[in-house]
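Here are my notes on the model you sent round. Please read them with the structure open.

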Amino acid sequence: MRRALAVTVALAVVLAAGVLARAEGLDAERAEAVTELRALADQRQDAAQRTDHLAVSVERAEQDSADRASVLAARPAFLTEIAALSTALSGATGMVDTSAHRAAALSAQQTVLAEKENPDTVAAATATVHALAEKIGTQVASWQAAQSSGPGGPAWSSSGPSGYARVRAALDLVGGGGVGLYESSSCAGGNAPACANSNGYIKYRADIVNWSSGRLNWAMAHELAHIYQFRVWGALTSSSAYGSLFGGDPEFLANCMAVVRGYAGSVGCNGDQQAWASGIWVGAVR
């Protein structure tokens, strides 16, 4: 009986130890499984985050691509307006100061070249360039209207607006900014390249638009001198000094007056003649 009890107790102890060992093994397996599950959960979360990141990146790339396509689609209209502006600038040569227009166009062009995302920026630059071309056209039309008529008709004919502009610039340079200027072949029956009218304006023959700058400037200074002579004509023709110094020749006097202004022609004059001629520019007949 005692032996059987001992065997039973021993068996129970062995069974208990086995159960305890099995329980510990299960706990270890459970902990391992939990750890693995957590690792899988972390991996799943990382994968989800990467998926979200990739989705955002793809969406951003697609938006960037669409923006760039919109900008590129808007550029041809800008280039068309630039071409139109270039034509307007060329046509305004000699008539309108286009330096400010060119600077504004260059700024608009740089803006368009730098823009990668917003087509509205390109559209605004396009509108700016279009407005510049229209403004130049208006200014040229105003200039032409102001110059389009003279005593005998249009201010120019065969010399054209660019030729007229060159002669006008020469006259302005020598001090005749307020003096009328018109193309005409009537000066000395067409034998004189230019002439001054006692009514206060100057006429020029078309071929002088091709003269050198020095010769053209001298011619305008010479004719402008006649305009100033007409203003004191009575006193001038009554002056004995005018007769003794210049032989009563208004052409010789005009040459000396041009020399005084720094535009010498082929005929020179001495210091006394220059000093006397200078007075005519300020309305003084000595």
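The points below go from the overall fold to the strands and then to the disulfides.

1. Status of the model. This is a predicted model. Please keep that in mind for each point that follows.

2. Overall make-up. The chain has nine helices and three strands. Reading from the N terminus, the order is α-α-α-α-β-β-β-α-α-α-α-α. Thus the three strands come as a run in the sequence, with helices before and after them.

3. Burial and surface. The chain has 286 residues, and 33% of them are buried. The exposed area is about 16,600 Å². Carbon and sulfur atoms supply 56% of that area.

4. Contacts along the chain. Take the contacts in the chain with a separation of 6 or more. Of these, 60% are between residues 24 or more positions apart.

5. Strand pairing. Strand β1 covers residues 180–183, and strand β3 covers residues 201–204. How do β1 and β3 pair? They run in the parallel sense, and four bridges link them. As one example, Leu 181 has Ile 202 in β3 as its bridge partner.

6. Side chains of β1. Which residues of β1 point which way? Gly 180 and Tyr 182 point to one side. Leu 181 and Glu 183 point to the other. All four are buried, Glu 183 included.

7. Disulfide count and pattern. The structure holds two disulfides. Number the bonded cysteines in sequence order and the pairing reads 1-2, 3-4. A disulfide is a covalent bond between the sulfur atoms of two cysteines.

8. Cys 187 and Cys 195. These two residues are joined by a disulfide, with an S to S distance of 2.0 Å. The angle about the S-S bond is -65°, and the link is left-handed. Both Cys 187 and Cys 195 are buried.

9. Cys 256 and Cys 269. The other disulfide joins Cys 256 to Cys 269, with S to S at 2.5 Å. The cut-off for calling a disulfide is within 2.5 Å. Cys 256 sits in helix α8, residues 250–260. Cys 269 lies in the loop between α8 and α9, and α9 spans residues 271–281. The two cysteines are 13 residues apart.

10. Burial of that pair. Are Cys 256 and Cys 269 buried or exposed? Buried means under 20% relative accessible area. Cys 256 is at 0%, so Cys 256 is buried. Cys 269 is at 14% relative accessibility, so Cys 269 also counts as buried.

Key: Residues numbered from 1 in each chain as written. Predicted model: local features only at pLDDT ≥ 70, side-chain atom pairs only at ≥ 80, totals over all residues. Heavy atoms only, no water. Buried < 20%, exposed > 50% of the residue type's maximum accessible area, 1.4 Å probe, protein only. Contact = heavy atoms within 4.5 Å. Areas by Shrake-Rupley, 256 points an atom, 1.4 Å probe, with all protein chains shown as cover. Pairing = 2+ DSSP bridges.
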